[in-house]
Amino acid sequence: MLNSEMEATLSGPDLAGIAGRFGCRYGQFSRLVVSNPSNSKEALFSGVVADQTLPSGMSVAFSELRCLEACQIQGHVPRLLSIAVSLAGDPVEKQIGNAHRLFLPAGTAAAVRVGHEVEMSTRPQAGAQAKTLLLMARPEDLADEELAERVDADLSQTGVQPLNLSPRAQILLTELADPATSGLISRLLAESCALELLSRYLGMDQETTGNGFAVSMRDRSRIRDVETYLRSEPGLEHTLAGLARLAGMSTSGLKRKFHAVTGQSVFNYLRGARLETAYRLIADDGWTVAQAAYFVGYRHQSNFASAFRRKFGVTPKQLRRH
C-alpha cells in the first residue's frame, strides 16, 4: 500500500489538506443531518488514505473509507487528467461541473478530463464504504515531454468516459492495495499501475473493433454526446435509428463505434445508465422504488428489481431500507 499518509479519522480540514497536495481546493463540508458550520473539525470519515507523487510526475492516491455521517463536500478541481478506479464497496458518485457525473460501481474505472477548473461535489451517505484508487496527471508536472503534450491536448474539454481495466491493471491494483505491500515494492507497483492505467487510457484513441475499424476523435465526441443524452433521458424509449440520427451516423456505424468507445453495446450501456440513475434517486433523493423504476423506463417492477439486484447485489427495497 502507498505509505505517505495514514489517517484513523478524517475531518473536513483533513480532506482539504490532502486534496490541496494535488491542487484541488475543498472549501465546504456540510453535514446533511444537522446544520453545522463548514470546515467542522469533527470526523466525517474513518479509514485509511495514502498518496504518493511518482518519478513520472503523476500522483496516486489510495483510500479505504467509511462515511460516519451523511454530508456534502464541495470544492474545485484544477485542469488535470484523472483516472478513478472503484476497487470495492458502494458506488462512488461525484458531480463535476454542471454537465458531467462520475458514477463508479465496484470493479469499474473512468477517465475524467478537466479542461479548466470546475466545481466538484459529492454527497456520501452515512455508512457508505468505498475502496478507491485515483491517478492524477497535470501536464506541467509530467517529466516526459511527449506525454505532457499528449495529456495537454486531451484537456481541450471537460468530460468523463468509462475505462476498461486490463487483466494486468487488475493484478497491479490488487497488489498495490494489499496492506502488506510497502516501501520500495509499493513505489514500484504504484508507478507500474499508474503507467498501465495511463497507457490504457491513451490507447483508447487507437482501439479498433474486431474488424479493425478505427474510431476518429470526432466520432468519439459524437459517441460521448450520445452517452450524455442517454443519461439525461433514461426513461425514453430510445431506438438505434433515433440515436444514430443524433450522432450523424448510420445505425451500423453507431453500433460499431459505440462499442469501440465504451466497450458496451448501446442498449447494455442504456440499461446501466437507467439502473445507476435509479440507484441515486432511491439512495440519495428518497424516491420510492415504483417512482424510480417508472422514471428510468421500467414498466414492470419485477423486471426492474431483478436487473437492479444483478448490477448492485441488493434489491431496490433493501437499498431504500438502508
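Reader: Which residues lie nearest the centre of the second largest pocket?
Author: Happy to start there, keeping in mind that this is a predicted model. The lining of this pocket is made up of 42 residues. Of these, the ones nearest the centre are Arg101, Val160, Glu227, Arg231 and Tyr269.

Reader: Which elements give two or more residues to that lining?
Author: Both strands and helices appear on the list. The strands are E8 (100–104), E9 (109–114) and E12 (159–163). The helices are H5 (217–232) and H8 (266–283).

Reader: How many residues of each class are in the lining of the second largest pocket?
Author: Let's sort them by class. The pocket has a volume of about 930 Å³. Its lining has nine charged residues, along with 15 nonpolar and 18 polar.

Reader: What share of the chain's residues count as buried?
Author: Let's look at the whole chain, which has eleven helices and twelve strands. It exposes about 15,400 Å², with 50% of that supplied by carbon and sulfur atoms. A residue counts as buried when its relative accessible area is under 20%. Of the 322 residues, the buried share is 46%.

Reader: Where does pLDDT stay under 50?
Author: Good thing to check in a predicted model! The chain averages a pLDDT of 84, and 89% of the residues score at least 70. One stretch under 50 has eleven contacts beyond four places in sequence, and this is residues 33–39. Another stretch under 50, also with eleven such contacts, is residues 206–212.

Note on methods: Residues numbered from 1 in each chain as written. Predicted model: local features only at pLDDT ≥ 70, side-chain atom pairs only at ≥ 80, totals over all residues. Heavy atoms only, no water. pLDDT = per-residue confidence, 0-100. Contact = heavy atoms within 4.5 Å. 1 Å grid on protein atoms, 1.4 Å probe; cavity = no way out; pocket = protein on both sides within 12 Å on 5 of 7 lines; lining within 4 Å. Points joined across faces, edges and corners; volume = space filled by probe spheres on them. Helix = DSSP H or I, 4+ residues; strand = E, 2+ residues; numbered from the N terminus. Nonpolar A, V, L, I, M, F, W, Y, C, P; charged D, E, K, R; others polar. Buried < 20%, exposed > 50% of the residue type's maximum accessible area, 1.4 Å probe, protein only. Areas by Shrake-Rupley, 256 points an atom, 1.4 Å probe, with all protein chains shown as cover.
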